[in-house]
Amino acid sequence: MRKRILPRWFWLGCGTAGLALVVFFLVGSGLFGWRLYQFEWKTQGRTALRFEPVSLPFTNVSDIAKKTGSLPFMAAVVLDVDGDGRDEAFLGGGRTQQDALLSYDDTAVGFRDIARQAGLSKTAGDATMGGGAIDLDGDGAPELFVARESGVFLYRNSGGKFTGANLGLPIDATATPLSIAFGDINRDGKVDFYLSGYLRNDLVEGQTKFTDDYGGYSYLFVNNGDDSWRDATEEYGLKRQHNTFTALFSDFDNDGDGDLAVAQDTGHVETWENAGAAPMRRIENPSVYSYPMGIAAGDINDDGLTDLYFSNVGPTIPEAIVRGDLPPEAPFNTDYMLFENRGALKFEDAAKQFKAARIGFGWGVVAADLDLDGWEDLTVAQNYAKFGQEAIIHRYGCKILRNQNGENFAPVEKRAGAVNRRFAISPMIGDYDGDGLPDLIWANLNGPSQAFLNRTPNAKSIRLAFADNVASLNARVEILAGGRTLHREVVSGQGLSSDQTASLFVGLGEAATAERITVKFANGRVEEYANVMAGAVLRPGEP
């Protein structure tokens with residue numbers, strides 16, 4: 001029998017197919033391995049926390065894909081518009097849509113948009129980046145500050161009706177204002193604010209540039225005494241060019257005034273002491289080159305000192321990519337950071353110790369006692385709208401990190417029923433239905449935001465409904481309950497492009513009564529309450 005010889009093209013085809021299979025296997029294995037590395041691999045902790053999803057009629061529409069589009073941010077402000085004890089949610093719209101002001105409706109069992117009814121509107125073609133709320137005139141109705149591509153707007157509030165205009169602040173034409181943080185830098189009883197700025201979207205050259213003089217400018221605006229503001233950035237030693245996400249004023253050293261923390265993109269965390277007069281003094285901290293984005297402020301271990309928590313890029317992108325133009329020897333960190341306050345203006349990064357370091361790409365972070373056990377938890381907004389498909393980049397569920405007795409954190413968002421896999425910019429903590437429990441909204445870019453009402457059973461808590469004004473900023477609260485002493489601070493601007501409720505929700509754990517509550521205001525005023533029952537609502541600062 002004659003032996004059949006297969007043609008050469010057959011063997012070439014087999015070799016090509018085999019090579020393709022090998023390449024496919026290697027690429028597939030690599031992608032699968034990378035996806036596995038992106039996972040956070042943390043089991044859900046135990047929790048009594050329970051949330052109920054409710055409808056919220058707002059879908060952000062932002063064109064962020066092109067240079068001609070806007071930066072990937074949106075405002076997320078919690079405020080009690082009319083002083084009825086229920087918080088509302090202001091959400092920023094893209095260039096082609098109006099902003100929303102959302103109020104919870106018991107009858108509809110969901111939120112409704114009252115922006116038009118409240119007199120809020122904006123010019124088309126202007127995206128809303130960030131904002132904050134604070135009462136300027138002492139009438140109990142907070143004004144609304146809004147950072148847009150065209151500048152910073154002030155909407156004055158008269159009985160729940162807003163009228164507003166661009167403040168015309170002297171902002172460099174290359175910068176877009178992102179976030180607003182309120183403080184009283186010179187303790188004159190008037191509202192000052194730090195405005196975080198980012199390079200205009202059409203001028204952005206890259207998102208991993210560390211070493212060049214590159215980025216937008218940020219500003220410190222000091223009140224002239226008549227609710228107009230002057231640029232005091234250079235006077236206070238804060239002038240520099242660098243893209244900045246957000247900032248907040250917190251009393252790091254318990255001396256009664258607000259010190260400053262700033263989260264830089266492609267940079268470091270900056271911390272500054274308020275020395276009582278210009279300039280501010282730089283404080284050393286443990287950060288190295290990284291991507292600090294959102295900032296949370298809370299007393300994580302209940303030692304009477306406010307700690308700071310910062311989001312970062314996490315394990316989502318290969319380090320070789322996010323190092324950008326840094327030299328190989330430059331210290332670099334992709335983990336989230338928890339600056340444990342050790343007193344005397346000393347911080348130590350304890351994120352790994354508290355099991356809060358290795359978390360996927362994040363934005364705004366907020367500290368609040370959601371489960372009302374007496375320990376401040378952390379909420380983390382995640383996912384980046386500019387990333388590719390889910391086949392390559394894992395879509396995270398956004399985190400609720402339960403504080404386990406001041407020792408470490410465990411994620412509980414799945415068990416609590418508040419998972420959000422959309423492109424979240426910031427959590428929004430407030431009491432939207434007026435039951436005294438902290439509710440949660442995830443402010444989502446390029447998609448619908450999601451609302452969850454707190455339905456934790458048998459929760460024992462006290463709501464301290466501070467007036468949303470300058471006198472409340474950096475007020476400190478000490479609560480004696482059930483053999484423990486709890487500590488809280490009123491801090492504006494937690495999250496990213498956001499501002500949270502003016503209320504503090506103090507969980508009593510198993511205790512039914514707080515034996516003593518002491519409130520110390522930054523202006524020296526002290527208020528004391530005795531034998532306060534769970535479920536009570538206190539209004540510190542009221543005449």
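These are my notebook entries on a sheet, a cavity and some aromatic rings, looked up in a predicted model.

**Entry 1: the sheet**

I began with an open sheet of four strands, and reading across the sheet I noted the order S31-S30-S34-S35, with antiparallel pairing. At its edges I found strand S31, residues 484-489, and strand S35, residues 526-533, each of which pairs on one side only. I then looked up how neighbouring strands of this sheet lie against each other, and the average turn between them is 15 degrees when direction is ignored.

Next I followed one pairing in detail, that of strand S30, residues 476-481, with S31, which is antiparallel and runs over six bridges. As a point to find by eye, I wrote down that Val477 stands opposite Arg488, a residue of S31. As a general reminder to myself, the strands of a sheet pair through backbone hydrogen bonds, whether parallel or antiparallel.

**Entry 2: the cavities**

I asked how many cavities of 30 Å³ or more a search of the whole structure finds. The search gives three, and the largest cavity holds about 380 Å³ of space. Its lining is made by 31 residues, and those closest to the centre of this cavity are Val491, Gln494, Thr501, Ser503 and Leu504.

Which elements give two or more residues to this lining? I listed strand S6 (128-134), strand S18 (295-298), strand S22 (362-368), S31 and strand S33 (503-507); S31 is also the edge strand from my first entry. Sorting the lining of the largest cavity by residue kind, I obtained 15 nonpolar, nine polar and seven charged residues.

**Entry 3: aromatic rings**

I turned to the aromatic pairs, of which the count comes to 30. One of them is the edge-to-face pair of Phe145 and Trp229, whose rings are 5.7 Å apart centre to centre, with 80 degrees between the planes. Phe145 belongs to strand S7, residues 143-148, and Trp229 to strand S13, residues 229-231, so this pair ties together parts that lie 84 residues apart in sequence.

Are the two partners buried or exposed? Phe145 has 0% relative accessibility and therefore counts as buried, and Trp229, at 10% relative accessibility, counts as buried too, because the cut-off for buried is under 20%.

Finally, I noted one aromatic cluster, formed by Phe73, Tyr198, Phe245, Phe361, Trp363, Tyr384 and Phe387.

Key:
Residues are numbered from 1 along each chain as its sequence is written. This is a predicted model: local features need pLDDT of at least 70, side-chain atom pairs count only at pLDDT 80 or more; totals for chains, interfaces and linings use all residues. Side-chain values use heavy atoms; hydrogens and water are left out. Two strands pair if DSSP finds at least two bridges between them. Axes are lines fitted to C-alpha atoms, for helices over the stretch in contact, and angles run from 0 to 180 degrees between N-to-C directions. On a 1 Å grid over the protein atoms alone, a cavity is a set of points where a 1.4 Å probe fits but cannot get out, and a pocket is an open set with protein on both sides within 12 Å along at least five of seven lines; lining residues have an atom within 4 Å of a point. Grid points are joined across faces, edges and corners, and a volume is the space filled by probe spheres set on the points. Ala, Val, Leu, Ile, Met, Phe, Trp, Tyr, Cys and Pro count as nonpolar, Asp, Glu, Lys and Arg as charged, and the others, Gly among them, as polar. Rings of Phe, Tyr and Trp (its six-membered ring) pair if their centres lie within 6.5 Å; planes under 30 degrees apart count as stacked, over 60 as edge-to-face and the rest as tilted. Buried means under 20% relative accessible area, exposed over 50%, partly exposed in between (1.4 Å probe, protein chains only).
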